[in-house]
Amino acid sequence: MNLDFKKLRIHFAGVTTLCVCLAVTYGFGIRPVLKSQEQHQQAVVEADHLQNQLPVLESEIVVLREQIASKRSALQTRYSIQTPSGRPLLGTVSTLLSQRRIALSNLREEGQKPNGELTIVLHASSNYEDMLHFVNDLRKLDCPARISNLHLTPIDELGDRCTAKITVRFFPVIPLPAA
C-alpha cells in the first residue's frame, strides 16, 4: 500500500505540474494570440469601414473645393477696387473722391492703432448720387472698411447737393489662403 501511495503522489505531482504548464501556456501563449487576433479583426473591420467612407469623403472634398473657388471669385469681384501696395490709404481715398467729382474740404487721419486699424474723418460736398457711389466704392475696397459715422446735410433748397461728414475705420487686409 505504501507503494501505491508513492505512485499516487508521483502521479499527483505530475498532474499538478501538467496543469501548471497548461495554465502558463494558456496565460502567456494562447490568450495573447487570441487577443491579438481579436484586435486584428477589429482593425480589419475599422479599415473596411474607413475604406467604404473614402468615396463619400472624396466627393465631399470636390464639392467643398468648388464652393471655396466660387466664394473666392465672389470675394474678388466684391472687393474689386485694389489698394496699391506701398501707397498710403489716404491717397486711395483721395483718388476715389476725385473720380466721383466730390469736393473735399477736410481729410484728417485720426491715428493708426498698433493692430493696423486706421480711422479717417472727411468733410466733402457733392450731389447725393456721387456721394452714394463714393460710399459704395469704400465698400468695394480690398481693405476692409467700416463707416462708423455718416452725416449728410443738404446745401441748396432743391436738395440736390449735400455736405457730408464721414468717419471711416479701415482694418488690415487678411490675405486669402492660396488655392
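Start by selecting arginine 169 and glutamate 117: the two form a salt bridge, with their closest N and O atoms 2.6 Å apart. A salt bridge here is a side-chain nitrogen of Lys or Arg within 4 Å of a carboxyl oxygen of Asp or Glu. Arginine 169 sits in strand S4 and glutamate 117 in the loop between S1 and strand S2 (118-127), so the pair ties together parts that are 52 residues apart in sequence. Helices (H or I, at least four residues) and strands (E, at least two) are DSSP runs, numbered from the N terminus.

This is a predicted model, in which local features need pLDDT of at least 70 and side-chain atom pairs count only at pLDDT 80 or more, while totals for chains, interfaces and linings use all residues. Residues are numbered from 1 along each chain as its sequence is written, and side-chain values use heavy atoms, with hydrogens and water left out.

**The salt bridges**

Add lysine 113 to the selection. Its side chain meets that of glutamate 117 in a salt bridge of 3.8 Å, N to O. Lys113, Glu117 and Arg169 are thus one network, joined by salt bridges that share partners. Glutamate 117 is buried, at a relative accessible area of 9%, whereas lysine 113 is partly exposed, at 45%. Buried means under 20% relative accessible area, exposed over 50%, and partly exposed in between (1.4 Å probe, protein chains only).

The count of salt bridges comes to 5. For another one, select arginine 100 and aspartate 137, whose side chains meet at 2.9 Å, N to O. Arginine 100 belongs to the loop between helix H2 (89-99) and strand S1 (103-112), and aspartate 137 to helix H3 (residues 128-140), so this pair links parts that are 37 residues apart in sequence. Arginine 100 is partly exposed, with 25% relative accessibility; aspartate 137 is buried, with 6%.

**The sheet**

Now show the strands. There are 4 in an open sheet, in the order S1-S2-S4-S3, and the pairing is antiparallel. Two strands pair if DSSP finds at least two bridges between them. S1 and S3 stand at the edges with a single partner strand each, so one side of each has no neighbour in the sheet. On average, neighbouring strands are turned by 15 degrees against each other, direction ignored.

Go through the pairs in sheet order. S1 and S2 are joined by 8 bridges. Within this pair, leucine 107 has leucine 122 of S2 as its bridge partner, and glutamate 109 has isoleucine 120. The hairpin of S1 and S2 has 5 residues between the strands, and glycine 116 in the turn has a positive phi of about 100 degrees.

Next come S2 and S4, joined by 10 bridges. Leucine 122 appears again here, opposite isoleucine 166 in S4. Color S2 by accessibility: 8 of its 10 residues are buried, so S2 is largely enclosed by the rest of the structure.

The last pair is S3 (residues 145-154) with S4 (residues 161-170), which run antiparallel and are joined by 9 bridges. Histidine 151 stands opposite lysine 165 in S4. This hairpin has 6 residues between its strands, and glycine 159 takes a positive phi near 75 degrees.

**The helices**

Select H3. This helix lies across S2, S3 and S4, running at about 155 degrees to S2. Then add H2: the axes of H2 and H3 come within 10 Å and cross at roughly 145 degrees. Axes are lines fitted to C-alpha atoms, for helices over the stretch in contact, and angles run from 0 to 180 degrees between N-to-C directions.

Which residues of H2 and H3 make the contact? They are Val93, Leu96 and Leu97 of H2, with Phe134, Asp137 and Leu138 of H3. Contact means heavy atoms within 4.5 Å. Asp137 is the residue already seen in the salt bridge with arginine 100.

Stay on H2 and select its buried residues: Leu89, Gly91, Thr92, Val93, Leu96 and Leu97. What covers them includes S1, S2, H3 and S4. Just after H2, arginine 101 takes a positive phi of about 55 degrees.

Finish at aspartate 130, in helix H3. Aspartate 130 is buried, with a relative accessible area of 9%. Leaving aside neighbours within four places in sequence, aspartate 130 is in contact with Arg100, Arg101 and Ile102.
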